Amino acid sequence: MATTVRRAVLNLPAAPLGPENPLPALRPLDEMHVLGERDRAALPHDMARQIGYRPLTTVLPVRVLDGYGRERTPAGLDAIVIENDRLRATVLPGLGGRIHSLHHKPTGRELLYRNPVLQPADFALNGAWFSGGIEWNIGATGHTTLSCAPLHAARVPAPDGGEMVRLWEWERLRDLPFQVDLWLPEESDFLHVGVRIRNPHEHTAPVYWWSNIAVPEGERTRVLAPADEAWHFGYERTLTRVPVPVSGSVDRTYPLRGDFPADYFYEVPDGARRWIASLDEDGRGLVQTSTDLLRGRKLFLWGSGAGGRRWQEWLTEPGTVGYAEIQAGLARTQLEHVPLEPGAEFSWLESYGPLSADPLTVHGEDWAAARAETEQRLAEALPRTEVEAAYAAWRPCADTEPGEPLATGSGWGALEVRRGKYELPGTPFADSTLGEQQRPWLELLDQGTFPEPCLAAPPGPSLVSPHWRDMLETAPAEPLTEYHLGVAQWHAGDRAQAVRSWERGLVLAPSRWPLLRCLAVAAEEGRQRDRAADLYAEAFEDLCGGRRDDGEAWTAATAALGREAMEALLTAGRPAAVRSVWAALPPAVRQRGRFRLLEARLLIAEGDRAAARAVFDEGFEVADLREGAEILDEVWARLTDEPLPGRYNYRMRPRS
């Protein structure tokens, strides 16, 4: 059959994403993959330089997604299916363009780990993320803020005269447009993926990219890559060079042989073909290869320990097969960012398909022979020259204007293109995509004023790039303008000026709580614990007094501010004030797992340890528990010396 592209609906049990958190993300980025200057000093010079190159401090201007829960109901997800007589790829354009499934028809095998549910969890830079399939991570170290966001999608003519699918968006952390072209040649066993990232600005931009592939794990599943060494990151925030495959007397190329979650960034020699494969006990599985620009290869494993297994259950369903991740990126490690010059671009081609190799050799003790066998079978299935030829054939198509629309992303790209007058052939950001969130910024752009709201409501998203900050500085100094200006100044590192802007806004603000909350965060970051507590208490009281209804936006604001206020008041040692905030929360909010945990902490502060223990015994689930978080261990340890119950054990590193 000829290659076809069609719309479809994927039916899965899904937990709704919920509303955005309306509080701007002013706090430092909560990302596990961080190294200090002393640790970087021992690394290769180029790696150390790129690790220290413009890391993010916040996820501004993106909003946090933490309004999801754990209750899943049947849902129909918009999908795009690309299919020939050999492969069928199912893509989710509304969820970051994730490839949910890659099905090999001749063998009836699913090549990816295909998650049977859609369960958000707090793994993305801005919160909500879900496991499974192939995801496109752009922006900064971590899972992209687009993990659960819609991308633009359309049909585009493929290099062989057929059809391919183009996905594109404006990545807001770095203000860079990118595209992903999915091309399945007729009668091919391999899906080609052409990727392009462009820098339309007059300044150099830091770029991050890792293609993240979830594959089924098993006792005899082995991950192979062309390397004899790797950089190990084990959530103790250290990066060490280790041999491959055996490290510490354990063969780490088998994902289930580790005790704790870990990253292995393979040291692929210059000139070697870029590839990584996951093969089962029969020597069958998935291989990914690419043109040489995509340098890095990585294995992430959950390990066999209690914490890793609990996370596996948390991200899918108990009793389902677990997964590991094989990945490919622009740098050697995910701690690095690569500079992209003004007006320049990065582009490359990736290929995904089935691979079969001799199982005795693949699982033998001779690592060099296992690698050679895998690479030879890859060369037979898809020669390196064929990948390079496919890239050369795709590259002229990258500028082709899209045809029939298949999905619509956000309006932020259209706003930036309108402001910067950028010309981006192949990735149009149409004015028709501009929506309610962009409307006040359009008015600022076109008329020089930021509109004050007609009705009291939580403020919309802030923009923080230098050009928007400049426009806010010259706009009339209305309270909402001062609020957004302060956020932009905070993002730029001018914290004293941000505080002055927020304080000016307070003078005439009809709704004071957004500004008070920003000032509270500033006080916290300045280690003014008592002042932060005072400001939070005042902000929460103002919100409750001015709340207009119990709609989604107000409930999200109440929950977000209430949580932060309780945290700050607990830190300041004011349990009575915490109890007042708790009492003012809507009953449904108090029943959320995050707030049950806060209740237990409050009860401890009030001296009622038995009641706090009863909260744990009754059971709760913190839906937005952060990757690497140890708060459950810490609170439990304040109650008892008993072992932490398995349902609360998400530990990702050994106890020190």
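Which residues of helix 11 (residues 495–508) are buried? That is a handy way into this predicted model, and the points below start there.

1. **Helix 11.** The buried residues of this helix are Gln497, Ala498, Ser501, Trp502, Gly505 and Leu506. An α-helix has 3.6 residues a turn, so residues three or four places apart point the same way. If you follow the buried residues of helix 11 in the viewer, you will find them packed against helix 10 (479–491) and helix 12 (513–525).

2. **The second largest pocket.** Helix 10 and helix 12 come up again here, since each gives two or more residues to the lining of this pocket, as do helix 8 (439–447), helix 13 (529–546) and helix 14 (552–571). The pocket holds about 900 Å³ of space. Its lining comprises 39 residues, and those closest to the centre are Pro453, Ala457, Pro458, Pro459 and Gly460.

3. **Nonpolar cores.** In soluble globular proteins, nonpolar side chains tend to be buried together. Here the largest nonpolar core has 82 residues, and the members that touch the most others are Leu102, Trp136, Leu167, Leu182, Ile197, Trp209 and Tyr266. A separate, second core of 69 residues has Leu26, Ala509, Ala559 and Leu602 among its members. Back in the largest core, Leu167 makes contact with Trp136 and Leu182, and beyond them with residues including Val91, Pro93, Phe178 and Val180, leaving aside neighbours within four places in sequence.

4. **Strand 8.** Trp136 also takes us to strand 8 (residues 134–138), where 5 of the 5 residues are buried, so the strand is largely enclosed by the rest of the structure. Ile134, Trp136 and Ile138 point one way, while Glu135 and Asn137 point the other way. Note that Glu135 and Asn137 are buried too. Strand 8 pairs with strand 14 (residues 209–216) in the antiparallel sense, over 5 bridges; within that pairing, Asn137 has Trp210 as its bridge partner.

5. **The nine-stranded sheet.** An open, antiparallel sheet is built from 9 strands in the order 15-21-22-26-12-11-10-9-27. Strand 15 (222–224) and strand 27 (405–407) are at the edges with a single partner strand each, so one side of each has no neighbour in the sheet. On average, neighbouring strands are turned by 20° against each other, direction ignored. Further in, strand 12 (residues 191–198) and strand 26 (residues 345–356) run antiparallel and are joined by 8 bridges, with Ile197 opposite Phe346. Helix 6 (residues 384–394) packs on this sheet, touching strands 10, 11, 12, 22 and 26, and its direction makes about 135° with that of strand 26.

6. **Gly285.** This glycine lies in strand 22. Is Gly285 buried or exposed? Its relative accessible area is 10%, and the cut-off for buried is under 20%, so Gly285 counts as buried. Not counting residues up to four places away in sequence, Gly285 touches Arg109, Leu111, Ser278, Leu279, Gly353, Pro354 and Leu355. Asp542, by contrast, is 257 residues away in sequence and 58 Å away in space, C-alpha to C-alpha.

7. **Cavities.** How many cavities of 30 Å³ or more are there? The count is 10. About 190 Å³ of space lies in the largest cavity, which is lined by 20 residues, with His33, His143, Lys298, Gln334 and Glu627 closest to its centre. Strand 14, the partner of strand 8, supplies at least two residues of that lining, and so do strand 23 (296–301) and strand 24 (323–329).

Terms used:
Residues are numbered from 1 along each chain as its sequence is written. This is a predicted model: local features need pLDDT of at least 70, side-chain atom pairs count only at pLDDT 80 or more; totals for chains, interfaces and linings use all residues. Side-chain values use heavy atoms; hydrogens and water are left out. A nonpolar core is a set of buried Ala, Val, Leu, Ile, Met, Phe, Trp, Tyr and Cys residues joined through side-chain atoms within 4.5 Å. Buried means under 20% relative accessible area, exposed over 50%, partly exposed in between (1.4 Å probe, protein chains only). Contact means heavy atoms within 4.5 Å. Helices (H or I, at least four residues) and strands (E, at least two) are DSSP runs, numbered from the N terminus. Two strands pair if DSSP finds at least two bridges between them. Axes are lines fitted to C-alpha atoms, for helices over the stretch in contact, and angles run from 0 to 180 degrees between N-to-C directions. On a 1 Å grid over the protein atoms alone, a cavity is a set of points where a 1.4 Å probe fits but cannot get out, and a pocket is an open set with protein on both sides within 12 Å along at least five of seven lines; lining residues have an atom within 4 Å of a point. Grid points are joined across faces, edges and corners, and a volume is the space filled by probe spheres set on the points.
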